[in-house]
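Visitor: Could you take me through one strand of this model in close detail, and then show me how it sits in the rest of the chain? I'd like the cut-offs behind each term as well.

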Amino acid sequence: MFKVVVPARFASSRLPGKPLLDIAGQPMVIRVAAQAAKSLASEVVIATDHEEIKQSAQSYGVHAVMTREDHVSGTDRIAEVVQAMAWPDEMIVVNVQGDEPLIDPVLINEVAQTLANDPQAVMSTACHPMHEAEAFENPNVVKVVLNAKQQALYFSRAAIPFPRDAGHRQPLVAHRHIGIYAYRVGFLKQYASLPVTALEQIESLEQLRVLYHGYQIAVTITAHAPATGVDTQDDLDLVRKVFAASLA
């Protein structure tokens, strides 16, 4: 059994008020929560810093928790939620980002199960094989390298593992990170007190804080790239078309 928390911050540099943007008649964050509710989660909670988002969630019957505005990451926001909800330390919580209205419920289940299956890990995430050289070299595409136990060695915007020999533009195995996370509540309580690290700031990747402090992250490998999230107006237009077609 696990919970899902959807962090929904109102401010967005590219799409102001992004969680409330309309997708086929419903706010985006509600579309995300509805997808998450199709998973095996026992509860879905929206974590927000904005009263209008909370009111919108409540109008659709979705539980919402108000959190501070100054959190530096979605994980920090969820850490506040688990304290407020008084969930037990052994409970698994999945972070489903509030701009992923096409998130696959099966992927949510897989990430939760991956953490449940690895007692050494405090956290889990996902990736998929990557074959395009352009994506491999793109700093906006986050890569992850795994160990023999399918745990993360490192995440980077750089091309890793880097092919040393000029004849190999891309390594035989490269994995693109998917931004979904599961945590144990007990670890989330510790995470909130872990100092922000230089690596995290340089790469702008919050999961590096976990690795830097010596914790392990289990990784599930899915065969297919996930559907697009919403970062730009073009993304939003595409997702709106997908929902319009599915509801036609």
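Guide: Happily: let's begin with Phe-2, whose bridge partner in strand β6 is Ile-92. That pair belongs to the contact between strand β1 (residues 2-8) and β6 (residues 92-95), which run parallel and are joined by four bridges. Two strands are said to pair if DSSP finds at least two bridges between them. Strands are DSSP runs of E with at least two residues, helices are runs of H or I with at least four residues, and both are numbered from the N terminus.

Before going further, a word on the source: this is a predicted model, in which local features need pLDDT of at least 70 and side-chain atom pairs count only at pLDDT 80 or more, while totals for chains, interfaces and linings use all residues. Residues are numbered from 1 along each chain as its sequence is written, and side-chain values use heavy atoms, with hydrogens and water left out.

Back to β1, which has another parallel partner in strand β4 (residues 43-48), this time over six bridges. Here Val-4 has Val-44 of β4 as its bridge partner. How much of β1 is buried? Seven of its seven residues are, so the strand is largely enclosed by the rest of the structure. Buried means under 20% relative accessible area, exposed means over 50%, and partly exposed lies in between (1.4 Å probe, protein chains only). The cover extends to both faces of β1: Phe-2, Val-4, Val-6 and Ala-8 are buried on one side, and Lys-3, Val-5 and Pro-7 on the other.

Helix α1 (residues 28-37) is mostly covered too, with eight of its ten residues buried. Those eight are Met-28, Val-29, Ile-30, Arg-31, Val-32, Ala-33, Gln-35 and Ala-36. Met-28 also leads us to the other end of the sequence: its C-alpha atom is 9.5 Å from that of Leu-236, although the two residues are 208 apart along the chain. Leu-236 is part of helix α9 (residues 233-247), and with 2% relative accessibility it counts as buried. Leaving aside residues up to four places away in sequence, Leu-236 touches Leu-21, Ile-23 and Val-230, where a contact means heavy atoms within 4.5 Å.

For a contrast in strand direction, look at strand β8 (residues 143-146), which runs antiparallel to strand β9 (residues 152-156) and is joined to it by four bridges. Val-144 stands opposite Phe-155 of β9. Five residues lie between the strands of this hairpin, and Gln-150 there takes a positive phi near 60 degrees. β8 also pairs in the antiparallel sense with strand β10 (residues 175-184), over two bridges, with Lys-143 opposite Arg-176 of β10.

Now for the whole chain, which holds nine helices and eleven strands. Its radius of gyration is 18 Å, close to the 18 Å that the globule rule gives for 248 residues, so the chain is as compact as a globular protein of that length. That radius is taken over C-alpha atoms, and the rule is 2.2 Å times the number of residues to the power 0.38. Along its principal axes, the C-alpha trace spans about 55 × 40 × 30 Å. Of the 248 residues, 52% count as buried. Among contacts with a separation of 6 or more, 68% join residues 24 or more positions apart.
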